[in-house]
Amino acid sequence: MERKYYEINEMQARQARNMWSFTEYVAGSATEDYKRCVDTAYLYVDAVPEHAKEKALYYADMYAKKLAENINKGFRIELMCPSVMISGAGNFPVRKKEKQNEARGRHYEEYERIKGYLEKIKWLKNSKPIEPTDQPNKEYDGDYFKVKENAEIDRLQLVFDGKPSENVRRILKSNGYKWSPKNETWQRQLTDNARASVVRVEREIKAI
């Protein structure tokens with residue numbers, strides 16, 4: 001299983017450390033700490049049954065991406081204002097430090113939300129496969145894609161000729177669709193709301 005990592009800004013990691021500590025920054029340590037966290041997510045994925053593996057991998061990738069963004073944002077927050085130990089008490093920018101502390105609070109709340117992806121992966125460990133159904137599969141051509149009602153896996157799938165544009169991908173995501181590398185299609189759970197979303201997606205694509 002390929003593990004996907006995102007870039008950690010090592011330059012800002014070093015600069016941020018210098019804003020609050022006299023201890024020399026160890027090159028690459030922020031990246032290594034990040035990778036250990038991501039590796040934990042993929043260890044959880046290993047324990048997920050095969051029928052839920054694709055969704056678990058999606059959550060692991062989102063965790064890796066969002067965690068990297070959060071870590072890099074943390075460096076930028078630390079660069080907002082040095083600690084009084086570094087700068088000294090004379091003419092210390094109190095208001096700037098207050099803004100920094102407020103940003104730290106929001107940053108921590110964001111981190112707690114990102115950890116939710118780990119909980120989603122853990123939950124999938126005990127998930128059950130979808131029961132077989134006698135409902136027939138359906139296919140029909142839309143204006144911009146082929147629509148498949150795949151009852152066997154309980155998914156409504158949109159199949160495009162080639163990769164959709166960035167604007168179209170944004171529309172798909174906003175309507176609850178996710179790319180499935182396994183099925184090579186954009187899909188969401190097969191429900192009446194999903195069926196209704198097809199018309200909405202076509203209308204929004206037409207308006208581009």
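**Entry 1: Arg-188**

I began with Arg-188, which sits in strand 5, residues 185-189. I keep in mind that this is a predicted model.

Is Arg-188 buried or exposed? I found Arg-188 buried, yet without a salt bridge. I then looked for the nearest side chain of opposite charge: that is Glu-204, 10.0 Å away. A salt bridge needs a side-chain nitrogen within 4 Å of a carboxyl oxygen, so I can see why this pair does not count as one.

Next I asked which residues Arg-188 touches, leaving out those up to four places away in sequence. My list has Asp-154, Arg-155 and Leu-156, then Asn-175, Gly-176 and Tyr-177. It ends with Asn-193, Ala-194, Ser-197 and Arg-200.

**Entry 2: salt bridges in the whole structure**

I reminded myself that side chains of opposite charge can pair when their charged atoms come close. How many salt bridges does a search of the whole structure find? The search gives 11. I picked some of them to look up.

**Entry 3: Arg-95 and Glu-98**

I found a salt bridge between Glu-98 and Arg-95, with 3.0 Å between the closest N and O atoms. Both belong to helix 5, residues 94-114, and because they are 3 residues apart there, about one helical turn separates them. I checked accessibility too: Glu-98 is partly exposed at 38%, and Arg-95 is also partly exposed, at 45%.

**Entry 4: Arg-195 and Glu-149**

Here I looked at a salt bridge whose closest N and O atoms are 3.2 Å apart, joining Arg-195 to Glu-149. Which parts of the chain does this pair link? I traced Arg-195 to helix 8, residues 192-206, and Glu-149 to strand 2, residues 146-150. The two are 46 residues apart, so the pair links distant parts of the chain. Arg-195 is partly exposed, with a relative accessible area of 28%, whereas Glu-149 is buried at 7%.

**Entry 5: Arg-170 and Glu-166**

My next pair was Arg-170 and Glu-166, whose side chains meet in a salt bridge at 3.3 Å, N to O. Where do they lie? Both are in helix 7, residues 166-174, and since they are 4 residues apart, about one helical turn lies between them. I noted Arg-170 as partly exposed, at 46% relative accessibility, and Glu-166 as exposed, at 53%.

**Entry 6: a network**

I closed by looking for salt bridges that share partners, and found that they join Glu-149, Asp-192 and Arg-195 into one network.

Notes:
Residues are numbered from 1 along each chain as its sequence is written. This is a predicted model: local features need pLDDT of at least 70, side-chain atom pairs count only at pLDDT 80 or more; totals for chains, interfaces and linings use all residues. Side-chain values use heavy atoms; hydrogens and water are left out. Buried means under 20% relative accessible area, exposed over 50%, partly exposed in between (1.4 Å probe, protein chains only). Lys and Arg count as positive and Asp and Glu as negative; His and the chain ends are not counted. Contact means heavy atoms within 4.5 Å.
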